[in-house]
Amino acid sequence: MACLEIDGKQFEARCDFKFERTAEAKYNEPDADGNKQGGLRTIYLNLLEQRKLLYLVGFWDCALSHLKDKKPSVEKIEEALEKVINEEGAKGTERLYKEAFQAVDQSGFFIVQVKNIWKEFNYLKKPISKRNGETDEEFRDRSLKREEIQEMVERLENQRKEMNK
């Protein structure tokens, strides 16, 4: 269970409609092709890859949205996360990421969205065949890109296993 102490008070993360609305409004970023990928997906994949602490802040910003006007500010969330990181070091950072990721990955509320993310990834693992009119060079280029994507998916699957330990 993901909990965060802010100003001496324990706050439990909640994955619900308010989480999703906040994620959609504040964290819905474009993918490599410029298409919006959805706020939940943005937060989920960035927690999985542990790329930026700002997505950990984003998770808590969304996960505390149910508190409405009693919700701690983003600055207070950052201070609380910073405190854990400073006191516990790398282990604290890893724990924070794991707890946040697990809250979304194992949420009954987001089960359909999470399954769809992994269905898309599984589709990308399938081999490709040459298209009608495609040159050997075009097919080779497309195959190389698919191999890179397959390696990325494998890396993400392994990271997901690690995050759920």
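Me: Among contacts in the chain between residues at least 6 apart in sequence, what percentage join residues at least 24 apart?
Reply: The model is a predicted one. The contacts in question are those between residues at least 6 apart in sequence. The share of these that join residues at least 24 apart is 64%.

Me: In what order do the elements of the chain run from the N terminus on?
Reply: The chain has 2 strands and 6 helices. Reading from the N terminus on, the order is β-β-α-α-α-α-α-α.

Me: What share of the residues in the chain is buried?
Reply: A residue counts as buried when its relative accessible area is under 20%. The chain has 165 residues. The buried part of them is 38%.

Me: How much of the area that the chain exposes do carbon and sulfur atoms supply?
Reply: The C-alpha atoms of the chain fill a box of roughly 65 × 30 × 25 Å along the principal axes. The area exposed by the chain is about 10300 Å². Of that area, carbon and sulfur atoms supply 48%.

Me: In which sense do strand E1 and strand E2 pair, parallel or antiparallel?
Reply: E1 covers residues 3–6 and E2 covers residues 9–12. The two strands form a hairpin, with 2 residues between them. One bridge links Glu5 to Gln10 in E2. The strands pair over 4 bridges, and the sense is antiparallel.

Me: Which residues make up the covered face of E1?
Reply: In a regular strand, side chains alternate between the two faces of the sheet. In E1, Cys3 and Glu5 belong to the uncovered face. The covered face consists of Leu4 and Ile6.

Me: Is Asp7 buried or exposed?
Reply: Asp7 is located in the loop between E1 and E2. Although Asp7 is not a glycine, its phi is positive, about 50°. Its relative accessible area is 61%, and the cut-off is over 50%, so Asp7 counts as exposed.

Me: Where does Lys68 lie?
Reply: Lys68 is a residue other than glycine with a positive phi, near 50°. Its relative accessible area is 57%, so Lys68 is exposed. Its place in the chain is the loop between H3 and H4.

Me: How many of the residues of helix H3 are buried?
Reply: H3 spans residues 53–63, which is 11 residues. Among its buried residues are Tyr55, Phe59 and Trp60. The buried residues pack against E1, E2, H1, H2 and helix H4 (74–105). The helix is largely enclosed by the rest of the structure because the buried residues number 9.

Me: Is Tyr27 buried or exposed?
Reply: Tyr27 lies in helix H1. Leaving aside neighbours within four places in sequence, its contacts include Gly58, Asp61 and Cys62. Those three residues are also among the buried residues of H3. With a relative accessibility of 12%, which is under the 20% cut-off, Tyr27 counts as buried.

Me: What distance separates the C-alpha atoms of Tyr27 and Asp69?
Reply: Along the chain, Tyr27 and Asp69 are 42 residues apart. In space, their C-alpha atoms are separated by 20 Å.

Me: Which residues does Asn35 touch, not counting residues up to four places away in sequence?
Reply: Asn35 is found in the loop between helix H1 (17–27) and H2. Its relative accessibility is 45%, so Asn35 counts as partly exposed. Once residues up to four places away in sequence are set aside, Asn35 touches Glu29 and Pro30.

Me: What distance separates the C-alpha atoms of Asn35 and Val84?
Reply: These two residues, Asn35 and Val84, are 49 residues apart along the chain. The separation of their C-alpha atoms is 35 Å.

Me: Which residues are closest to the centre of the largest pocket?
Reply: The largest pocket has a volume of about 530 Å³. It is lined by 22 residues. Of these, the closest to the centre are Asp31, Ala32, Gln37, Arg41 and Leu45.

Me: Which element supplies the largest share of the lining of the largest pocket?
Reply: By class, the lining has 9 nonpolar, 4 polar and 9 charged residues. Helix H2 (39–49), helix H5 (111–124) and helix H6 (136–163) each supply at least two residues. The largest share is 5 residues, and these come from H2.

Conventions:
Residues are numbered from 1 along each chain as its sequence is written. This is a predicted model: local features need pLDDT of at least 70, side-chain atom pairs count only at pLDDT 80 or more; totals for chains, interfaces and linings use all residues. Side-chain values use heavy atoms; hydrogens and water are left out. On a 1 Å grid over the protein atoms alone, a cavity is a set of points where a 1.4 Å probe fits but cannot get out, and a pocket is an open set with protein on both sides within 12 Å along at least five of seven lines; lining residues have an atom within 4 Å of a point. Grid points are joined across faces, edges and corners, and a volume is the space filled by probe spheres set on the points. Ala, Val, Leu, Ile, Met, Phe, Trp, Tyr, Cys and Pro count as nonpolar, Asp, Glu, Lys and Arg as charged, and the others, Gly among them, as polar. Buried means under 20% relative accessible area, exposed over 50%, partly exposed in between (1.4 Å probe, protein chains only). Contact means heavy atoms within 4.5 Å. Accessible areas come from the Shrake-Rupley method with a 1.4 Å probe; for residues, only the protein chains shown count as cover. Two strands pair if DSSP finds at least two bridges between them.
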